[in-house]
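Here's a quick tour of a metal site and a strand. Pull up the viewer and follow along.

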Amino acid sequence: MKITVICGGVGGAKFIRGLREHLRQTDPGAEITAIVNTGDDMWLTSLRIAPDLDSVMYTLAGQNDEVRGWGRLDESERVSTDMREYGVGWPWFTLGDLDLSTHITRSHYLRSGLPLSEATARITARWPLGVRLIPATDDEVETHVVLAEDGSEMHFQEWWTRHRAALPITGFVQRGLDGSTPAPGVLEAIAEADVVLFAPSNPVVSIGPVLGIPGIRDTVEGTSAPVIGVSPIIAGAVVRGMADACLTAIGVATAADAVALHYGARSRGGLIDGWLIDETDAASVPAIEAAGIRARAVPLWMKTVPLSAQLAADALALVG
Ligand code: GDP
Ligand code: CA
């Protein structure tokens with residue numbers, strides 16, 4: 001069985017770790033491909049930072065900091081602390097020493113002419129992830145927010161991390177989108193999958209930017225595989241982060257059913273065939289099904305690997 005997951009960083013990582021665990025027990029020959037958002041990527045002090053690719057890689061490698069929720073295990077910050085004395089970098093954007101090793105390695109590959117997808121293949125080869133990670137695109141397509149105050153644009157990362165998504169915005173733009181193409185293998189992974197899954201990632205700034213790369217949305221709409229999504233919203237709130245600010249900016253309510261309708265039923269020109277919501281949102285099942293999307297209410301909290309594995313099993317069970 002071939003399973004392709006479209007995802008962002010931390011939420012996507014937890015879900016894929018559960019999926020890998022579930023398949024280890026039920027179908028060890030299954031192939032998992034993750035198509036990872038690169039909209040948060042940026043150049044910072046000459047280094048290419050790819051937060052979502054790294055979150056997924058560290059988590060699948062067992063190298064993530066479970067307590068902090070992001071970054072690497074046993075991390076220190078000597079280098080970035082020292083760089084602050086030079087006044088370079090973003091003082092509000094932490095780069096751990098071990099994390100810098102990844103960024104330096106990635107930048108080395110990019111500067112020697114390799115595309116991001118090949119750099120990612122080489123970097124992830126270090127660990128037996130059991131999952132193939134492909135960036136959505138090799139091109140530099142970076143998410144910016146449009147500030148309500150004066151219409152100017154700011155890199156998503158600055159708005160999210162420095163301003164905690166508190167500055168009012170009117171929307172998002174994907175800078176560099178024109179002429180961009182999906183990375184090698186992305187369209188095939190969607191078209192040739194037995195199942196396509198949308199991880200419970202941020203719909204606006206994780207899943208949205210992947211679907212925005214020309215060709216990806218059309219391929220999701222047209223794949224013969226069922227497309228099943230998992231809600232990142234539980235009981236009208238985000239589990240973690242500030243995805244509500246992103247949804248509000250594009251006029252979508254912070255609710256599991258509203259996100260399902262935002263993606264829309266594939267049978268009606270949308271993107272998904274099925275949608276998992278939390279048990280506490282069970283009352284929304286009829287409304288989602290009325291929109292042409294098969295829905296089921298199950299426990300959606302990925303607090304442990306077994307719970308994430310059960311969630312992945314529930315997503316595959318919805319395929320029917
Ligand atoms: P990011 O790129 O690191 O922000 O991560 P993602 O976009 O992949 O995931 C962020 C989303 O994951 C947030 O909107 C959270 O609400 C959601 N999320 C985090 N933990 C859980 C969980 O345990 N269950 C569910 N259903 N969603 C979660
Ligand atoms: Ca992200």
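## The calcium site

A quick term to start: donors are N, O and S atoms within 2.8 Å of the metal (3.2 Å for Na, K and Ca), and since water is not among the atoms, sites may look incomplete. This is a predicted model, where local features need pLDDT of at least 70, side-chain atom pairs count only at pLDDT 80 or more, and totals for chains, interfaces and linings use all residues. Residues are numbered from 1 along each chain as written, chains are lettered from A and ligands numbered from 1 in the order written, and side-chain values use heavy atoms, leaving out hydrogens and water.

So what holds the calcium ion (ligand 2)? Its coordination comes from Asp40 (OD), Asp52 (OD) and Asp52 (OD), at 2.1 to 2.6 Å. Asp40 sits in the loop between β2 (31–36) and β3 (42–44) while Asp52 belongs to helix α2 (residues 51–60), so the pair ties together parts twelve residues apart in sequence. Helices (H or I, at least four residues) and strands (E, at least two) are DSSP runs, numbered from the N terminus.

Asp40 is buried at 7% relative accessibility, and Asp52 is buried at 6%. Buried means under 20% relative accessible area, with a 1.4 Å probe and protein chains only.

## Strand β6 and its partners

In β6 (residues 142–147), six of six residues are buried. One face carries Glu142, His144 and Val146, the other Thr143, Val145 and Leu147.

Strands pair if DSSP finds at least two bridges between them. β6 runs antiparallel to β8 (residues 169–175), with six bridges, and pairs antiparallel with β7 (residues 153–155) over three. His144 has Val173 as its bridge partner in β8 and stands opposite His155 in β7.

Terms used. Buried < 20%, exposed > 50% of the residue type's maximum accessible area, 1.4 Å probe, protein only.
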